[in-house]
Amino acid sequence: MIDTDQEFKEKLITSVSHLNADTGTCAITTDDNWSFIVPRGPFTPQPGQTARFYGRGVGYTVRGLVIDGHVFFYESVAEHHARQVREQQARLEAERVAYDQNAEPREARIQALPEPFRRRVRGFVRRAPATAWRHQDHEIVICQAAAAIHAACPTLDAVQAFVTLQIPEMLERVPLLNDLGLSGNGFDAAVRLARYATGEGTNSPVLIERDHHALCPLFGCQQVGCAALEAGTWDAAVAAQPASGADT
Ligand SMILES: [Zn+2]
């Protein structure tokens, strides 16, 4: 297979460093100034040798490395894909098991949320119980952040002032954010919910329960149990609020 594999790029090794006698690994730098950690192989690479990297290139995993004609490691495209699928399945299974094992502490976190946030989380779980393990911990964290932001910034003006702060100032104002480790998207969602909680202008706490799940753009409303699924029983226009909506 490796003989017919044409998806590779060859580079000249310009230096070798960080040789670890225990693990047999070392770092090679190539003539395009990229560095790569080489696992233990048939010999220690040397400057001047040619390294052939198999894979799709920058931004993708290197699935094979051959130095001066000697294979250090190699997977065909099919083998590489199959391993990625296996590893993804194992990660998801571990997530599902962890979700079941953490039922008690999770329930305590939901109970500790203010009422509209609690209803928001419960709604997602009720509408999509089978996939709750995959999506709802993320939403609980966002609701915790939103409730903490709301507690520190109960008015719309205060929320608007909060989002103009530098990150260290934000963390000082709402220390819980430090522990929650939100992504940028998660933070935006938390701020949006905190705005709803003020009830000022076009914001209403009712929207906390009705707005899209933070993961709707990634997985779709159906899979995450989005409130938009119940739009028929609510004011459809409100339930279909875009993720970036209610900014005023
Ligand atoms: Zn949605």
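**Exercise 1. Describe how helix α2 packs against α4 in this predicted model.**

Step 1. Two packed helices are described by the angle between their axes and the distance between the axes.
Step 2. Helix α2 covers residues 103–111, and its angle with α4 is about 35 degrees. The two axes are 10 Å apart.
Step 3. Add the handedness: α2 passes α4 in a left-handed crossing.
Step 4. Name the residues that meet. From α2 come R106, R109 and I110. From α4 come D137, I140 and Q144.
Step 5. Sort this contact by class. It has 3 charged, 2 nonpolar and 1 polar residues.

**Exercise 2. Find the largest nonpolar core and say which helix gives the most to it.**

Step 1. Start with the count: the largest nonpolar core has 35 residues.
Step 2. Look for the residues with the most contacts inside this core. They are I142, C143, A146, I149, A190, L193 and A194.
Step 3. List helices that each supply at least two residues: α3 (115–127), α4 (132–152), α8 (184–198), α9 (206–210) and α11 (221–224).
Step 4. Pick out the main contributor. α4 gives the most, with 9 residues.
Step 5. Zoom in on I149. Leaving out residues up to four places away in sequence, I149 touches V159, F162, V174, A190, V191 and A194.
Step 6. Look elsewhere for a second, separate core. That one has 7 residues, including I28, L65, V66 and I67.

**Exercise 3. Compare the span of helix α1 with the expected value, then check its burial.**

Step 1. α1 runs over residues 77–101, which is 25 residues.
Step 2. From its first C-alpha to its last, α1 reaches 36 Å. That is close to the 36 Å expected at 1.5 Å a residue.
Step 3. Count the buried residues in α1: there are 0. The helix is hardly covered.

**Exercise 4. Decide whether H18, N33 and N185 are exposed or partly exposed.**

Step 1. Recall the cut-off: 12 or fewer C-beta neighbours within 10 Å means exposed, and 20 or more means buried.
Step 2. H18 lies in the loop between β1 (8–17) and β2 (26–30). H18 is exposed because it has 11 C-beta neighbours inside 10 Å. Its phi is positive, about 50 degrees, although H18 is not a glycine.
Step 3. N33 sits in the loop between β2 and β3 (35–38). With 8 such neighbours inside 10 Å, N33 is therefore exposed. Phi of N33 is also positive, near 70 degrees.
Step 4. N185 belongs to helix α8. N185 has 14 C-beta neighbours inside 10 Å, so it counts as partly exposed.
Step 5. Add a partner for N185. A214 is 29 residues apart from N185 along the chain, yet their C-alpha atoms are separated by 7.6 Å.

Notes. Residues are numbered from 1 along each chain as its sequence is written. This is a predicted model: local features need pLDDT of at least 70, side-chain atom pairs count only at pLDDT 80 or more; totals for chains, interfaces and linings use all residues. Helices (H or I, at least four residues) and strands (E, at least two) are DSSP runs, numbered from the N terminus. The expected span of a helix is 1.5 Å times one less than its number of residues. A nonpolar core is a set of buried Ala, Val, Leu, Ile, Met, Phe, Trp, Tyr and Cys residues joined through C-beta atoms within 7 Å. Two residues are in contact if their C-beta atoms, placed from the backbone, lie within 7 Å. Axes are lines fitted to C-alpha atoms, for helices over the stretch in contact, and angles run from 0 to 180 degrees between N-to-C directions. A crossing is left-handed if the near helix is turned anticlockwise from the far one by less than a right angle, and right-handed if clockwise. Ala, Val, Leu, Ile, Met, Phe, Trp, Tyr, Cys and Pro count as nonpolar, Asp, Glu, Lys and Arg as charged, and the others, Gly among them, as polar.
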